[in-house]
Amino acid sequence: MRDIKIKTATDEDFTEAIFLLIDFIVELPRNQRTRERLATLLGCPTSSDELKITLKLFESVVRKYCVGELDEGQLRTHLSQLPQSQQDRLVEIVNLRRPEIAQRLIDEVNRREGGVPLVESFDWDISWIMGSSSLASIRKQLCTVVLACRDVDSKPKTVSFEMGREQVEEVIRHLEAAVQCGA
């Protein structure tokens with residue numbers, strides 16, 4: 001893999017360029033204004049091969065770093081063309097935005113896996129049904145589950161459903177079996 005070359009006029013421009021490079025990784029759909037501003041900072045045309053190569057190389061290296069395929073030392077080997085202060089600044093910014101990059105990678109995998117919403121958190125409660133409009137003396141336990149998900153477009157989505165006692169017990173059995181298989 002080639003070294004990443006990022007040449008800017010000032011250190012402030014370098015910092016802005018790194019933020020924009022990361023923005024280019026995490027934003028969907030990709031914004032043309034981001035690309036234009038980045039091209040201006042790097043001093044190359046928007047449609048140039050140099051910009052395309054820089055974007056692809058930066059994205060590839062940062063992805064590998066964020067998923068643990070590269071450690072910080074290996075990341076720095078791809079930055080050997082940069083002064084030490086800029087290497088430090090780049091690593092600092094990538095680490096700062098690592099959770100955002102990781103979320104983007106999770107969303108990407110989720111979309112690739114068939115568009116199943118990704119569960120981010122859940123809540124549940126148990127209630128007793130003591131009667132209904134049709135039966136005055138019904139006694140039933142009901143479990144309500146609310147899943148906070150992120151859909152294929154990374155938009156928040158809530159999925160809620162109710163289960164009876166037998167269904168809850170079945171879900172627990174399946175979860176226990178899954179834990180045992182993974183152990």
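## Salt bridges within helices

In this predicted model, helix α3 contains both Glu 59 and Arg 63, which lie four residues apart, about one turn of the helix. Their side chains meet in a salt bridge, with an N to O distance of 3.2 Å. Glu 59 counts as buried because its relative accessibility is 13%, under the 20% cut-off. Arg 63, by contrast, counts as partly exposed, at 22% relative accessibility.

A second pair of this kind is found in helix α5, where Glu 92 and Arg 89 are three residues apart, again about one turn of the helix. The closest N and O atoms of this salt bridge are 3.1 Å apart. Glu 92 is partly exposed, with a relative accessibility of 46%, and Arg 89 is also partly exposed, with a relative accessible area of 28%.

## Salt bridges between elements

Asp 88 and Arg 76 form a salt bridge in which the closest N and O atoms are 2.9 Å apart. This pair links distant parts of the chain: Asp 88 belongs to helix α5 and Arg 76 to helix α4 (residues 72-77), with their positions twelve residues apart in the numbering. Asp 88 has a relative accessible area of 34% and is therefore partly exposed, as this value falls between the limits of 20% and 50%.

In the whole structure, the search finds eight salt bridges. Asp 23, Arg 97 and Glu 100 are joined into one network by salt bridges that share partners. As a general point, side chains of opposite charge can pair when their charged atoms come close.

## The largest nonpolar core

The largest nonpolar core has 34 residues. The members that touch the most other members are Ile 6, Ile 18, Ile 22, Leu 38, Phe 58, Leu 90 and Val 94. At least two residues of this core come from each of the helices α1 (11-26), α2 (32-42), α3 (49-66), α5 (84-96) and α6 (98-112). Among the contributors, α1 gives the most, with nine residues.

## Positions in α3 and in the α4-α5 loop

Cys 66 is placed in helix α3. With a relative accessibility of 13%, Cys 66 counts as buried, since this value is under 20%. The C-alpha atoms of Cys 66 and Leu 105 are separated by 9.0 Å, although the two residues are 39 residues apart along the chain.

Pro 83 is located in the loop between α4 and α5. Its relative accessibility of 45% makes Pro 83 partly exposed. Pro 83 and Ile 53 are 30 residues apart in sequence, and their C-alpha atoms are 20 Å apart in space.

## The three-stranded sheet

Three strands form an open sheet with the order β1-β2-β3 and antiparallel pairing. The edge positions are taken by β1 (118-129) and β3 (156-163); each has a single partner strand, so one side of each is left without a neighbour in the sheet. On average, and with direction ignored, neighbouring strands of this sheet are turned by 15° against each other. In general, the strands of a sheet pair through backbone hydrogen bonds, in either a parallel or an antiparallel arrangement.

The antiparallel pairing of β1 with β2 extends over eleven bridges. Within this pairing, Trp 124 stands opposite Val 145 in β2. Strand β2 (residues 140-150) also pairs with β3 in the antiparallel sense, over eight bridges. Here the bridge partner of Val 146 is Ser 160 in β3.

## A nonpolar patch on the surface

Val 119, Phe 122, Trp 124 and Ile 126 form a nonpolar patch on the surface. Together these four residues have about 450 Å² of accessible area. Trp 124, a member of this patch, is also the residue that stands opposite Val 145 in β2.

Ile 126, another member of the patch, is placed in strand β1. Ile 126 counts as partly exposed because its relative accessibility is 48%, which lies between the limits of 20% and 50%. Strand β1, which holds Ile 126, stands at an edge of the sheet and has a single partner strand.

Technical notes:
Residues are numbered from 1 along each chain as its sequence is written. This is a predicted model: local features need pLDDT of at least 70, side-chain atom pairs count only at pLDDT 80 or more; totals for chains, interfaces and linings use all residues. Side-chain values use heavy atoms; hydrogens and water are left out. Two strands pair if DSSP finds at least two bridges between them. Axes are lines fitted to C-alpha atoms, for helices over the stretch in contact, and angles run from 0 to 180 degrees between N-to-C directions. Patches are made of residues with over 30% relative accessible area and no salt bridge: like charges are joined within 9 Å, nonpolar side chains (Val, Leu, Ile, Met, Phe, Trp, Tyr) within 5 Å. Accessible areas come from the Shrake-Rupley method with a 1.4 Å probe; for residues, only the protein chains shown count as cover. Buried means under 20% relative accessible area, exposed over 50%, partly exposed in between (1.4 Å probe, protein chains only). A nonpolar core is a set of buried Ala, Val, Leu, Ile, Met, Phe, Trp, Tyr and Cys residues joined through side-chain atoms within 4.5 Å.
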